[in-house]
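Q: Please take one part of this model and look at it closely, going step by step and linking each point to the next. I am a first-year student, so a careful, connected account would help me most.

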Amino acid sequence: MSQTAGVLVPESKKNHDSHSVSSHEKGNPAREAERKLAKEKEPELRAARRAAREAKKNAPSPTWYKVIMFGLMILGLLWIIVYYLGGGLFPIPGIGGWNIFIGFGIAMVGFFMTTRWR
């Protein structure tokens with residue numbers, strides 16, 4: 001142990017480099033070249049990851065999304081048509097004019113889904 005500025009420091013830690021490179025790799029030219037090549041490719045890898053995220057973000061919507069979206073719009077329209085043609089007895093007879101709001105609500109959910117459709 002040696003004393004540096006009043007602090008005891010073990011000999012093994014005194015000259016130890018705090019980098020992630022171990023002492024046996026410092027003189028290895030193959031490892032140094034590999035590390036240098038990895039640092040050079042780092043911006044390319046970042047750009048590739050960014051491009052992959054953008055491609056995924058701008059990908060078309062899945063088929064199930066379109067089916068549900070258009071299905072809700074049609075279901076809402078059919079709900080209102082059935083209410084008018086049924087004379088207020090269908091689809092839910094006890095709520096009367098609220099059937100129109102239910103039909104519009106269902107259709108509006110489908111219309112709101114169009115904002116996320118690609």
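A: **A surface patch and its surroundings**

Leu85 has a relative accessibility of 74%, and because exposed means over 50%, this residue counts as exposed. The model in which we read this is a predicted one, and Leu85 belongs to its helix α3, which covers residues 63-85. Leu85 is also one of the residues in a nonpolar surface patch of about 700 Å², which is made together with Phe70, Ile74, Leu77, Leu78, Ile81 and Trp117.

Two members of that patch, Phe70 and Trp117, deserve a closer look. A search of the whole structure finds four aromatic pairs. One of them joins Phe70 and Trp117, whose ring centres are 5.5 Å apart and whose planes stand at 85°, so the pair is edge-to-face. Phe70 sits in helix α3, whereas Trp117 sits in the segment after α4 (98-113), so the pair ties together parts that are 47 residues apart in sequence. As for accessibility, Phe70 counts as partly exposed at 38%, and Trp117 is likewise partly exposed, with a relative accessible area of 37%.

From Trp117 we can move on to Lys66, which is another residue of helix α3. Leaving aside neighbours within four places in sequence, Lys66 is in contact with Trp117, and also with Ser61 and Arg118. Lys66 and Arg118 are 52 residues apart in sequence, yet their C-alpha atoms are 9.4 Å apart in space. Lys66 has a relative accessible area of 28%, and is therefore partly exposed.

Ser61, which Lys66 touches, is placed in the loop between α2 (29-57) and α3. What does the side chain of Ser61 reach at 2.9 Å? The partner is the backbone nitrogen of Arg118. Not counting residues up to four places away in sequence, Ser61 touches Arg116, Trp117 and Arg118 as well as Lys66. Its relative accessibility is 10%, and since buried means under 20%, Ser61 counts as buried.

To set beside exposed Leu85, we may end with Asn99, which is placed in helix α4. Asn99 has a relative accessibility of 0%, so this residue counts as buried. Once its neighbours within four places in sequence are left aside, Asn99 is in contact with Trp79, Tyr83, Phe90, Pro91 and Ile92.

Note on methods:
Residues are numbered from 1 along each chain as its sequence is written. This is a predicted model: local features need pLDDT of at least 70, side-chain atom pairs count only at pLDDT 80 or more; totals for chains, interfaces and linings use all residues. Side-chain values use heavy atoms; hydrogens and water are left out. Helices (H or I, at least four residues) and strands (E, at least two) are DSSP runs, numbered from the N terminus. Buried means under 20% relative accessible area, exposed over 50%, partly exposed in between (1.4 Å probe, protein chains only). A polar contact is a pair of N or O atoms within 3.5 Å; within protein, one must be able to donate a hydrogen and the other to accept it, and residues adjacent in sequence count only if both atoms are side-chain atoms. Contact means heavy atoms within 4.5 Å. Rings of Phe, Tyr and Trp (its six-membered ring) pair if their centres lie within 6.5 Å; planes under 30 degrees apart count as stacked, over 60 as edge-to-face and the rest as tilted. Patches are made of residues with over 30% relative accessible area and no salt bridge: like charges are joined within 9 Å, nonpolar side chains (Val, Leu, Ile, Met, Phe, Trp, Tyr) within 5 Å. Accessible areas come from the Shrake-Rupley method with a 1.4 Å probe; for residues, only the protein chains shown count as cover. A salt bridge is a side-chain nitrogen of Lys or Arg within 4 Å of a carboxyl oxygen of Asp or Glu.
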